[in-house]
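Me: I have a structure here that I would like to go through with you, one question at a time. Could you help me read it?

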Amino acid sequence: MKTKFSSIVKVKKQQLDNAEIHLSKAKQRQQEHQKLYELSYQQLRTLSAIPHSGSSNELKHNLAMANVGKEALQRAREKVELSEKEITHYQFLYQKANIEYEKMKALEGQEIKEKQKELQKAEQKFIDELAITRFFRGNKDDD
């Protein structure tokens, strides 16, 4: 049964679906950033090992690589933190869209119930009129 809320419910459902898609993509990005962070951490651990022998150039090279590794780890950590904030944002949007969708569905359900009651009243009125008409016809036949 189509109501004045049907089109609104359809739009709210689309918004809810879009919010869900954005949330799942954000979670996927967060997992990728977490994996990159862990990989950067493992690489930094291997680069941070100080060699026990070698020239000063090799030592400087190893220290420079360790610094690069630390910077990469810091960037990866920032991406993880940013993706966590992004997930929180999309969760909020999803919850908001879900609440709006449920409100509209409830209003639509209410309107459908009201229309059904009106139809039942009209049907009952028609049945009553039909019964009255038959009753009076039956009384005329008896006379």
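Reply: Happy to! One definition to start with: accessible areas come from the Shrake-Rupley method with a 1.4 Å probe. Please also keep in mind that this is a predicted model.

Me: With that in hand, how much of the exposed surface of the protein do carbon and sulfur atoms supply?

Reply: The protein exposes about 11,600 Å² in total. Of that area, the part supplied by carbon and sulfur atoms comes to 54%.

Me: What does the secondary structure come to, and what is the radius of gyration?

Reply: The protein has two helices and zero strands. For 143 residues the globule rule gives 15 Å, and the protein is well over that, so it is more spread out than a compact globule. Along the principal axes, its C-alpha atoms fill a box of roughly 130 × 20 × 15 Å. The radius of gyration itself is 35 Å.

Me: What percentage of the residues count as buried?

Reply: A residue is called buried when its relative accessible area is under 20%. Applied to the 143 residues of the protein, that cut-off gives 18%.

Me: And what share of the contacts with a separation of 6 or more comes from residues 24 or more positions apart?

Reply: One example of contacts between separate stretches of sequence is Ser-40 in helix α1, which touches Ala-72, Leu-73 and Ala-76 once neighbours within four places are left aside. For the protein as a whole, residues 24 or more positions apart account for 89% of these contacts.

Me: Is Ser-40 buried or exposed?

Reply: The cut-off for buried is under 20% relative accessible area. Ser-40 has 13% relative accessibility, so it counts as buried.

Me: Let's turn to charges. How far apart are the mean positions of the positive and negative charges?

Reply: The protein carries 27 positive and 22 negative charges. Taking the mean position of each set, the distance between the two is 6 Å.

Me: Which residue meets Arg-29 in a salt bridge?

Reply: Side chains of opposite charge can pair when their charged atoms come close. The structure holds four salt bridges, and in the one with Arg-29 the N to O distance is 2.5 Å. This pair links distant parts of the chain, 57 residues apart, with Arg-29 in helix α1 and its partner in helix α2. Arg-29 is partly exposed at 30%, and the partner, partly exposed at 23%, is Glu-86.

Me: Why are Lys-13 and Asp-17 separated by about one helical turn?

Reply: The two side chains meet in a salt bridge, 3.5 Å from N to O. Lys-13 is partly exposed with a relative accessible area of 33%, and Asp-17 is partly exposed too, at 29%. Both residues belong to helix α1, which covers residues 6–47, and the separation of about one helical turn follows because they are four residues apart.

Me: Which residues are linked with Glu-100 in a network of salt bridges?

Reply: Glu-100 forms a salt bridge with Lys-103, with the closest N and O atoms 3.6 Å apart. Those two are three residues apart in helix α2, and therefore about one helical turn separates them. Glu-100 is partly exposed at 25% relative accessibility, as is Lys-103 at 45%. The residues linked with Glu-100 in the network are Lys-12 and Lys-103.

Me: What is the nearest side chain of opposite charge to Glu-111?

Reply: Glu-111 is found in helix α2, residues 56–142. Apart from neighbours within four places in sequence, it is in contact with Thr-3, Lys-4 and Phe-5. Glu-111 is buried yet has no salt bridge. A salt bridge needs the nitrogen and oxygen within 4 Å, and the nearest side chain of opposite charge is 4.2 Å away, namely Lys-115.

Me: One last thing: how far is Asn-57 from Lys-115 in space?

Reply: Asn-57 lies in helix α2, and at 57% relative accessibility it counts as exposed. In sequence, Asn-57 and Lys-115 are 58 residues apart. From C-alpha to C-alpha, the distance in space is 85 Å.

Methods:
Residues numbered from 1 in each chain as written. Predicted model: local features only at pLDDT ≥ 70, side-chain atom pairs only at ≥ 80, totals over all residues. Heavy atoms only, no water. Rg over C-alpha atoms; globule rule 2.2 N^0.38 Å. Buried < 20%, exposed > 50% of the residue type's maximum accessible area, 1.4 Å probe, protein only. Contact = heavy atoms within 4.5 Å. Lys, Arg positive; Asp, Glu negative; His and termini not counted. Charge placed at Lys NZ, Arg CZ, Asp CG, Glu CD.
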